[in-house]
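Biologist: Could you take me through one part of this model up close, and then show me how the rest of the chain looks around it? Pick a spot and stay with it for a while.

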Amino acid sequence: MDHVADLDLPGGGHTTVVGLDAGGSQDPVVLLLPALGVAAGYYGPFVAALAAERVAVLVADFPGQGASRPVASRRNDFGYAVVSDAVVGATVAVARSRHPGRPVAMLGHSFGGQVALVHLAADPSSADALVLVGSGSPHWRGYRRRLRLLAQTQLVGAVAAVRGHWPGHRLGFGGRQPRRLMREWARFARRGDLVVERGSERAEPDFGALDLPVLALTLDNDDLAPRGSVDGLVDKLTSARVEHRFVAREAGEHGPAIDHFVWARHPGDLAAEVAEWVRAAVSPG
């Protein structure tokens, strides 16, 4: 992917937007929002496959992930609001400036889908459509092993509170993350509502007011976002026009069997399917 822009973050941090230009003045632009702890560069094969379908793509590293600095620490602490407002908002501005007049869709992978909803609730005009890939609610009731999931998510929040950050880069889940974000996420897993902290205000955004087309993709072999989890997130979108699809692919000529992460490295036909849906969703009439 090509370097597109550098973004300044609150508190003196920075991150980078990368992507590929493709298509013409009427073709869509996709803003890809990464999963927790996943660097923008990981999505290179999927981005290239979308570009082959005449879809321009932009991806920004979330704070502390990939090329972004500084990493999460006791001093560098933030939650959903900073990721949504500072990073997603600035990436939308880059897309509007770089591709004026072209329709914009967001594609959120896992945690990135949650961030997309937080941003869209604050600024509904920032995207014309939304794709959720393996993106659901971490609420424990959406999983088979409910009590185990509840215990694991609350342990993440507790460790982050004690250490000042979540050391997921060492413990195998989510990368290094700030304690405020993990506190919000752990509460989401415990209570089922995504309460976002903005200063002294703490509330779940009005997701039910969002009125846009949404494609929710549940992936086969995805223990991190099974159908119950995906339903838990999209059920909040009571005014959106949601289409839910199940994506399955066995190991073969298009790569390994699909799961929560494989699709980004081995997209197969998924990029063409997403591009076709986005193009139809954002077309006039």
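Modeller: Let's start just past the end of helix H6, where Gly-192 takes a positive phi of about 90°. Keep in mind that this is a predicted model, so read that angle as a computed one. The helix that Gly-192 follows, H6, runs over residues 179–191. With its 13 residues, H6 reaches 18 Å from its first C-alpha to its last, and that is close to the 18 Å expected at 1.5 Å a residue.

Now look at which parts of H6 are covered. The buried residues are Leu-181, Met-182, Glu-184, Trp-185, Ala-186, Phe-188 and Ala-189. Glu-184 is worth a click while you're there, since it sits on that buried list along with Trp-185 and Phe-188.

Stepping back, H6 belongs to a protein with nine helices and twelve strands. Of the 285 residues, 55% count as buried. The radius of gyration is 18 Å, which agrees with the value near 19 Å that a compact globule of 285 residues would have. Along the principal axes, the C-alpha trace spans about 50 × 40 × 35 Å. As for how the chain meets itself, take the contacts between residues at least 6 apart in sequence: 73% of them join residues at least 24 apart.

On the outside, the protein exposes about 12,200 Å², and carbon and sulfur atoms supply 49% of that. There are 30 positive and 30 negative charges, and their mean positions lie 9 Å apart.

Two more buried spots are worth a visit, and helix H3 links them. Gly-113 has its place in H3 itself. It counts as buried because its relative accessibility is 0%. Leaving out residues up to four places away in sequence, Gly-113 touches Gly-108, Leu-132 and Ser-135. You can also pair Gly-113 with Ser-84: they are 29 residues apart along the chain, and their C-alpha atoms are separated by 11 Å.

The other spot, Ser-126, is found in the loop that runs between H3 (111–122) and strand S6 (129–133). Despite being in a loop, Ser-126 is buried, with a relative accessible area of 2%. With the same sequence neighbours left out, Ser-126 touches Val-92, Arg-96, Val-104, Met-106, His-119 and Leu-120. Two of those partners, His-119 and Leu-120, fall within the 111–122 stretch of H3.

How values were computed:
Residues numbered from 1 in each chain as written. Predicted model: local features only at pLDDT ≥ 70, side-chain atom pairs only at ≥ 80, totals over all residues. Heavy atoms only, no water. Helix = DSSP H or I, 4+ residues; strand = E, 2+ residues; numbered from the N terminus. Expected span 1.5 Å × (residues − 1). Buried < 20%, exposed > 50% of the residue type's maximum accessible area, 1.4 Å probe, protein only. Rg over C-alpha atoms; globule rule 2.2 N^0.38 Å. Contact = heavy atoms within 4.5 Å. Areas by Shrake-Rupley, 256 points an atom, 1.4 Å probe, with all protein chains shown as cover. Lys, Arg positive; Asp, Glu negative; His and termini not counted. Charge placed at Lys NZ, Arg CZ, Asp CG, Glu CD.
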